[in-house]
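Please look through the structure shown below, and then read the short report that follows it. The report moves from a single side chain to the nonpolar cores and ends with two loop residues.

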Amino acid sequence: MTPRRPALTTCIALLLALASSLAFAAPPANDTLRIGSKRFTESYILAQVLAQTAAPHTPTPPSVLQGLGNTAIVYEALRSGSIDIYPEYVGTISLEILKSKTPMTLQAMNTALAPLGLGVAVPLGFNDGYALAMREDNAQRLGITSLSDLAKHPALKLGLSNEFIGRADGWKGLAQQYGAPQTPVALDHGLAYDAIAQKQVDVIDIYTTDAKIGHLGLRVLTDDKAYFPRYDAVLLYRLDVPQRFPKAWAALQKLEGSINETAMIAMNARAELKGVAFDVIARDHLTAKAGGASAAASTTQDAGQRGFWAKLFGPDLARLTRQHLALTLISVGAAALLGIPLAVWVFPHPRLRAVVLGATGLLQTVPSLALLAMLISVLGLIGTVPALIALMLYALLPIMRNTVTGLGEVSAGLRLAGQALGMTAAQRMREVELPLALPTIIAGVRTATSIAIGTATIAAFIGAGGYGERIVTGLALNDGELLLAGALPATLLALLSEALFEGVEHWLRRRRGV
């Protein structure tokens, strides 16, 4: 007997039921303070400082959504209500978010932000500005000390972060002010220090509190025309936070002026040079402040430093595995429930089939991060919803194409035989064509699952979790071990998926007597 249609739908239903049972963390309740961070070391640390400061004064532990990509993503998360607060910088707020042509005072920023339901407060006490830096030996050989000097050397190769290249207060304005003729290449900020150390680039953009400036002996070029504004660290928050969390807000206000440049550089150094966990760094800083001890005395010889195996089997492994599995299974299951019926519907109509498959194929050409950014803009949400939609769209093509291919492989004789037996077109599809096409359809689901497991790592850029959370953090820290601790479980999951589908296909072949 050939498998009947319910076998396929039952399999998909079980897939979705399994995903739903994987304890995808429920959205934080309204009494949970949600704290965001950008995707660089300092922002990770500051988010933990905020969370640990607020925790004793909130009804439930604060939720930290870390590594939310660049300014555009984390700011959209704040505006949409996906987060309540995050650490930001006054230069970024005035020039990048509010599009002012000149730096603004806190009062002016609050006036402009109020109609959006947002506010800025609690200057933390340090300035983390942008600057350009190059290797000391190269700078000395060429006699470069300032950005004006840099503009006289067009042959130098600049490797600048994507955000800096695109920012209103970034490369475009700087090049115009200094008449710089170079064309920079885009480079992830977390990888830039390795690139300049290995002489792959000559100049990079840096944050002035980066720990690796001194570690690598880089020369920070003087901004002799005062292009860069100050980037004093502050809190950007939703205006309802003080009312919803009055005690936590009072505690957060006590952070004003509590972190100077020296302390921030030291905290960044512990993360980037010693591999200490962000929450440990934040705890030690707050403990030192509370006890009046020096930060160095509270670190207990950096007991928070972790080796590769500790990172691989860290306490977050179970949570990340549940999230990654759920992202994969729900998106592939939804793609199968949508794609298979759609492919069946368009199969008898060659022109419509070509249009639908062509449109589905076009989705594959859209870069994943670009698709996520578009979905965030359309939905006004970050997190699992846009991630699942993006993954589902990417899974459609192999499922639909294989469904059409499988149906096309059914011989005309079998279709005629069904017709001779008095079967309707729907009955022939259900009783003859779909069962015969089932192995090819499952092969498409298999391909879609492999694609989803790999692509799901991008979900971490918008706070949806999964193994990508480790990969994103590893990129921010330039920590190869942490990158590997995220990539290895994803690889293992893909191998397990292949083994599972191989077993299913073997079972189908046995049932068909092949």
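## A buried glutamate, two cores and two loop residues

In this predicted model, Glu 433 is found in helix H22, which covers residues 425-455. Is Glu 433 buried or exposed? Its relative accessibility is 6%, and because buried means under 20% relative accessible area, Glu 433 counts as buried. When residues up to four places away in sequence are left aside, Glu 433 touches Phe 347, Leu 407, Val 410, Arg 415 and Arg 428.

We turn next to the nonpolar cores. The largest nonpolar core has 128 residues, and the members that touch the most other members are Leu 132, Trp 171, Leu 174 and Leu 236. Helix H20, residues 384-408, supplies the largest share of this core, with 13 residues. There is also a second, separate core of 12 residues, and among its members are Ala 131, Ala 133, Ile 196 and Leu 218.

Lastly, two loop residues are set side by side in the table.

| Residue | Phi | Loop between | Relative accessibility |
|---|---|---|---|
| Lys 99 | near 60° | helix H4 (90-97) and helix H5 (106-113) | 56% |
| Ala 226 | near 50° | strand E9 (218-220) and strand E10 (233-238) | 59% |

For Lys 99, phi is positive in a residue other than glycine, and the phi of Ala 226 is likewise a positive value in a residue other than glycine. Because exposed means over 50% relative accessible area, Lys 99 is exposed at 56%, and Ala 226, at 59% relative accessibility, counts as exposed too.

Key. Residues are numbered from 1 along each chain as its sequence is written. This is a predicted model: local features need pLDDT of at least 70, side-chain atom pairs count only at pLDDT 80 or more; totals for chains, interfaces and linings use all residues. Side-chain values use heavy atoms; hydrogens and water are left out. Helices (H or I, at least four residues) and strands (E, at least two) are DSSP runs, numbered from the N terminus. Buried means under 20% relative accessible area, exposed over 50%, partly exposed in between (1.4 Å probe, protein chains only). A nonpolar core is a set of buried Ala, Val, Leu, Ile, Met, Phe, Trp, Tyr and Cys residues joined through side-chain atoms within 4.5 Å. Contact means heavy atoms within 4.5 Å.
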